[in-house]
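Visitor: Could you take me through this model, one question at a time?

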Amino acid sequence: MADMITLGNDADIIKLVQELVAAARGRDAVLGAISSIKAVCDKQTPPSATLANAMTTLVQRVFELAVKDASHSYLDIKSLLLLTSVVGLTTKPMEYYAVLAAAVNLVAANLKEKKTSMLSWSDKGKDYITDLLVPVHDAIENEMGNSTKEELMREIMTGLLESASQTEAAKNYAMPAEAEIARKAGYSDVQKFLLSPTETTLELNLSKSGRMAVHRLIDYQMSYNKVRHSSVGAGRSRYLVLTKCDAESLSDVRIKKERKEKHMELLVKFNTYQKFTLTLPPKGTKLGLILKTNKTLGNMTEIVDVVENSPLMNLIPKDVCIVSLKAGAIGFVQPRSMKDTVESFGKVQAAASKQLEMIVAPNGTTSA
């Protein structure tokens with residue numbers, strides 16, 4: 001209990017900091033002390049000189065330890081956010097904001113490039129924009145960190161525009177060679193599944209001997225790591241699930257879509273893009289939009305004009321490019337072509353709910 005920080009007890013604070021540094025304690029102990037002192041600082045406005053000096057010593061120690069760490073995963077996102085919240089409480093804010101920016105950029109680069117060996121376990125799978133750059137930017141409140149905030153915002157905008165310009169082409173999961181093997185073996189359902197460019201999983205309700213026969217077909221006649229099989233359920237309800245090995249999992253697809261949607265929303269928040277919520281007319285009603293492909297903006301669909309008798313007149317602007325669409329009938333999509341855009345409109349018009357969210361970019365917006 002002798003080492004506890006007590007509000008107003010400067011001797012305890014100095015003693016704790018000196019012991020931590022002298023004993024060469026690890027990251028967690030130092031970060032824990034920083035959290036404790038921050039809690040004390042939050043109750044003092046402004047913090048005392050003792051608290052400021054103690055915080056300076058501890059922050060300096062964290063950065064020294066980070067430099068010595070060879071794995072580059074010493075500072076994770078949680079640690080960086082804590083440091084961001086206390087750098088302004090030190091006696092060297094400008095110096096430490098510069099060091100902090102370098103550390104944040106290193107972790108951001110590793111996240112972007114998916115260098116998992118260079119990341120802490122807790123950061124793997126995180127998004128460098130929404131999970132790191134934006135929270136760090138928003139956590140800088142001291143005016144001494146304004147230049148760092150500006151630098152971070154440039155990185156954020158570059159990343160967001162790059163994300164907006166990247167629309168993945170539809171993947172073709174057809175496996176004709178394997179489908180031919182299934183055809184010759186008399187498995188028409190498996191053949192049809194393997195020929196499909198979009199289907200990635202197939203459930204087969206077969207007897208035990210039927211399941212074993214499909215196992216042997218995949219394991220002994222098809223190339224390794226092409227199709228994966230697993231059995232689900234028990235007794236009469238047990239069935240076989242086939243999965244194409246190069247297909248993304250549904251959870252991975254969902255995460256990527258959610259991440260892209262967050263990026264679009266941030267561009268709206270930063271007034272780079274605009275969002276409109278529309279109610280489309282019923283199927284068969286012409287929308288009255290004049291469209292073209294804008295090759296400068298990655299083949300986005302451009303709304304050249306809205307004709308005078310259009311049901312969407314005065315609801316959406318012209319001379320903008322459609323970045324994304326979202327509705328119950330289509331989910332969140334980034335149209336890859338004018339055909340995709342028109343088909344998405346048609347699906348929403350044919351659905352029970354005809355509400356559509358549209359995010360658009362001005363023609364002058366350029367990708368990074």
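Visitor: Along strand 1, which side chains point to one face and are buried?

Guide: This is a predicted model, and in it the side chains of strand 1 alternate along the chain. In general, the side chains of a regular strand alternate between the two faces of the sheet. T201 and E203 point to one face and are not buried, whereas the side chains that point to the other face and are buried are L202 and L204.

Visitor: What is the bridge partner of L202 in strand 3?

Guide: Strand 1 and strand 3, the latter covering residues 239-244, run antiparallel and are joined by four bridges. Within strand 3, T201 has T243 as its bridge partner. For L202, the bridge partner in strand 3 is L242.

Visitor: Which are the edge strands of the open sheet?

Guide: The open sheet has three strands in the order 1-3-2, and the pairing is antiparallel. An edge strand here pairs on one side only, which leaves as the edge strands strand 1 (201-204) and strand 2 (227-232).

Visitor: By how many degrees are neighbouring strands of this sheet turned against each other on average, direction ignored?

Guide: The value concerns the neighbours in the order 1-3-2. With direction ignored, the average turn between neighbouring strands is 20 degrees.

Visitor: What angle does the direction of helix 9 make with that of strand 1?

Guide: Helix 9, residues 188-195, packs on the sheet and touches strand 1, strand 2 and strand 3. Taken against the direction of strand 1, the direction of helix 9 makes an angle of about 170 degrees.

Visitor: Which helix and which strand each supply at least two residues of the lining of the largest cavity?

Guide: Two cavities of 30 Å³ or more are counted, and the largest has a volume of about 70 Å³. Its lining includes A164 and S165, as well as I322 and V323, and by class it has six nonpolar, five polar and one charged residues. The elements that each supply at least two lining residues are helix 7 (146-165) and strand 7 (320-327).

Visitor: How many charged residues are in the lining of the second largest cavity?

Guide: The second largest cavity holds about 40 Å³ of space, and helix 11 (250-269), strand 7 and strand 9 (355-362) each supply at least two residues of its lining. The residues that line this cavity are E261, E265, S324, K326, F332, E357 and I359. Divided by class, they comprise two nonpolar residues and one polar residue, while the charged residues number four.

Definitions and conventions: Residues numbered from 1 in each chain as written. Predicted model: local features only at pLDDT ≥ 70, side-chain atom pairs only at ≥ 80, totals over all residues. Heavy atoms only, no water. 1 Å grid on protein atoms, 1.4 Å probe; cavity = no way out; pocket = protein on both sides within 12 Å on 5 of 7 lines; lining within 4 Å. Points joined across faces, edges and corners; volume = space filled by probe spheres on them. Nonpolar A, V, L, I, M, F, W, Y, C, P; charged D, E, K, R; others polar. Pairing = 2+ DSSP bridges. Axes fitted to C-alpha atoms, helices over the stretch in contact; angles between N-to-C directions. Contact = heavy atoms within 4.5 Å. Buried < 20%, exposed > 50% of the residue type's maximum accessible area, 1.4 Å probe, protein only.
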